[in-house]
Amino acid sequence: MPAVSEPLADAVFERVRECIDTANHQLGIQLTYPDTSLSLRGRAAGTAHPSQWRLRFNPVLLQQSPHVFFEEVIPHEVCHLVTFALYGRVKPHGSQWRTLMETVFQAPANTTHQLDITAVKGKTFAYACHCGEVALTVRRHNKVQRGEASYRCKRCHQTLMPVPAVL
């Protein structure tokens, strides 16, 4: 995992605290600061673990687009915690979450990020069905190879089969 500079990491932790403080002030509640780390890998920019009161952020994507993180990603993930604190288990991007994103955090209620994931995109394996080729992640490919899973095309519902490697 790439090291994030101490000032950037500190700024992430401070932004999380600011978001919690904003929610506490606007909603008249007293939430504590969550455990926050820069340990997330893969294509997600951030994840919230409400029942553990924990946030994880992707250091690679953070370094590529810090402005997007501070304006959108961090409020998005904190909002999941706030939603959980107020409403319990509800749809992750449901009406309660959307309302809090727009009113408390003054941020767009986007469910996914638009960050460039080229630097974090993992290796894929070619599989095919009647519709054409489909890329499976290493994890899914390995499950197929071990006989633990099979996957079907979302359109034609045919079982995806590995495409033979061309030598």
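Which strands does H5 lie across, and at about what angle does H5 run to S5? In this predicted model, H5 lies across S4, S5 and S6, and the angle to S5 is about 100°. That arrangement is a handy way into the rest of the fold.

The sheet under discussion is an open one, built from three strands in the order S5-S4-S6, with antiparallel pairing. S5 (132-137) and S6 sit at the edges, each pairing on one side only. As a reminder, strands of a sheet pair through backbone hydrogen bonds, either parallel or antiparallel. Between S4 (residues 124-129) and S5, which run antiparallel, there are six bridges. One pairing to look up in the model is that of Cys129, whose bridge partner in S5 is Gly132.

Zooming out, the protein has five helices and six strands. Walking along the sequence, these elements come in the pattern α-β-β-β-α-α-α-β-β-α-β.

As for overall shape, the radius of gyration is 19 Å, whereas a compact globule of 167 residues would come in near 15 Å. The C-alpha trace spans about 60 × 35 × 25 Å along its principal axes. Of the 167 residues, 34% count as buried. The accessible surface adds up to about 10,300 Å², and carbon and sulfur atoms own 50% of that. Turning to contacts, and taking those between residues at least 6 apart in sequence, 50% join residues at least 24 apart.

Two spots in the backbone deserve a look for their phi values. Most residues other than glycine have a negative phi, and most peptide bonds are trans. Trp53 has a positive phi, near 50°, despite not being a glycine. Trp53 sits in the loop between strand S2 (46-49) and strand S3 (54-57). Is Trp53 buried or exposed? The relative accessibility of Trp53 is 17%, so this residue counts as buried, the cut-off for that label being under 20%.

The other spot is His157, again a residue other than glycine with a positive phi, here near 65°. His157 belongs to the loop between helix H5 (138-145) and strand S6 (161-162), so to speak on the way from the helix that lies across S4, S5 and S6 to an edge strand of the sheet. His157 counts as exposed because its relative accessibility is 52%, with the exposed label starting over 50%. In short, the two positive-phi residues get opposite labels: Trp53 is buried, while His157 is exposed.

How values were computed: Residues numbered from 1 in each chain as written. Predicted model: local features only at pLDDT ≥ 70, side-chain atom pairs only at ≥ 80, totals over all residues. Heavy atoms only, no water. Helix = DSSP H or I, 4+ residues; strand = E, 2+ residues; numbered from the N terminus. Buried < 20%, exposed > 50% of the residue type's maximum accessible area, 1.4 Å probe, protein only. Pairing = 2+ DSSP bridges. Contact = heavy atoms within 4.5 Å. Axes fitted to C-alpha atoms, helices over the stretch in contact; angles between N-to-C directions. Rg over C-alpha atoms; globule rule 2.2 N^0.38 Å. Areas by Shrake-Rupley, 256 points an atom, 1.4 Å probe, with all protein chains shown as cover.
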